[in-house]
Amino acid sequence: AWLARPEDRAKAPGLMVFQEAFGVNGHIREVCEKFAAEGFVALAPEIYHRTAPGQEFAYTDFPAVKEHMAAMTLGTIEADVRAAAAWFDQDRQAGGNALGAVGYCMGGRLAYLANTMVPLACAASYYGGQLHTFADRAPKLHGPHLFIWGGLDMAVTWEQRPLLLDAVKEAKKPFIDMVISDARHGFNCDMRPDVYSGAAARQARALTRACLHEHLS
């Protein structure tokens with residue numbers, strides 16, 4: 001995992017940061033450092049540690065990550081989520097404090113699943129792929145969930161999202177649904193100039209920050 005700490009305080013809330021499909025790469029490490037600067041103990045678990053430990057993949061080489069994504073199961077995801085939560089429980093800064101999660105792309109799906117697996121205070125999913133296939137887990141959500149989407153996303157379509165959101169509403173779980181109509185899949189990643197949108201990233205981050213501070217601080 002990649003760990004980033006706010007060194008100016010004795011105690012701080014914990015935040016799981018879930019990777020995109022391309023590994024715990026420079027972008028995810030930078031995300032962790034930014035959250036640490038805002039007062040969170042940020043930990044990005046390496047989800048591919050069973051099949052590709054330490055590896056990072058180019059954004060242009062999605063076929064290379066497919067086998068590692070296919071090797072993931074609910075069981076292995078839950079094992080990693082619970083291991084990370086247990087680490088936070090014992091940490092000198094985060095132990096005893098609220099715990100949240102945020103994830104991007106594949107990590108958006110993992111953040112949602114984590115919120116159904118351990119008692120998170122809140123979680124945020126950026127353009128989480130295949131989230132609608134886990135709609136049946138909505139009744140297990142622990143904390144409020146923030147869903148952020150790009151309106152021009154070709155991987156997560158307008159037709160898919162209601163399948164998830166209707167289940168969350170039916171389960172009477174608190175959530176926020178944010179769609180940025182002119183943003184593409186991956187808009188938060190400034191290492192992907194073909195999809196990055198500074199305006200969308202800033203707006204999404206402002207709402208994410210507000211939710212995290214509201215429920216974790």
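## Ser125 in strand β5

In this predicted model, S125 lies in strand β5, which covers residues 122-126. S125 has a relative accessible area of 2% and is therefore buried, the cut-off for that class being under 20%.

The side chain of S125 forms a polar contact of 2.7 Å with the side chain of H145. H145 is also one of the residues that S125 touches beyond four places in sequence. The others in that set are G103, G108, A111, Y112, L131, L146, F147 and I148.

## Asn97 in the loop before β4

N97 is found in the loop that runs between α3 (74-90) and β4 (99-104). Its relative accessibility is 33%, so N97 counts as partly exposed.

Outside its neighbours within four places in sequence, N97 is in contact with K11, A12 and P13. K11 is 86 residues away from N97 along the chain, yet their C-alpha atoms are separated by 7.8 Å. With A12 there is a polar approach: a polar atom of the N97 side chain lies 2.9 Å from the backbone oxygen of A12.

## Helix α3 and its packing

Helix α3 contains 17 residues. From its first C-alpha to its last it reaches 24 Å, close to the 24 Å expected at 1.5 Å a residue.

The buried residues of α3 are T76, I77, D80, V81, A84, A85 and F88. These buried residues pack against three strands, β2 (14-18), β3 (41-44) and β4, and against the helix α4 (106-117).

Note on methods
Residues are numbered from 1 along each chain as its sequence is written. This is a predicted model: local features need pLDDT of at least 70, side-chain atom pairs count only at pLDDT 80 or more; totals for chains, interfaces and linings use all residues. Side-chain values use heavy atoms; hydrogens and water are left out. Helices (H or I, at least four residues) and strands (E, at least two) are DSSP runs, numbered from the N terminus. Buried means under 20% relative accessible area, exposed over 50%, partly exposed in between (1.4 Å probe, protein chains only). A polar contact is a pair of N or O atoms within 3.5 Å; within protein, one must be able to donate a hydrogen and the other to accept it, and residues adjacent in sequence count only if both atoms are side-chain atoms. Contact means heavy atoms within 4.5 Å. The expected span of a helix is 1.5 Å times one less than its number of residues.
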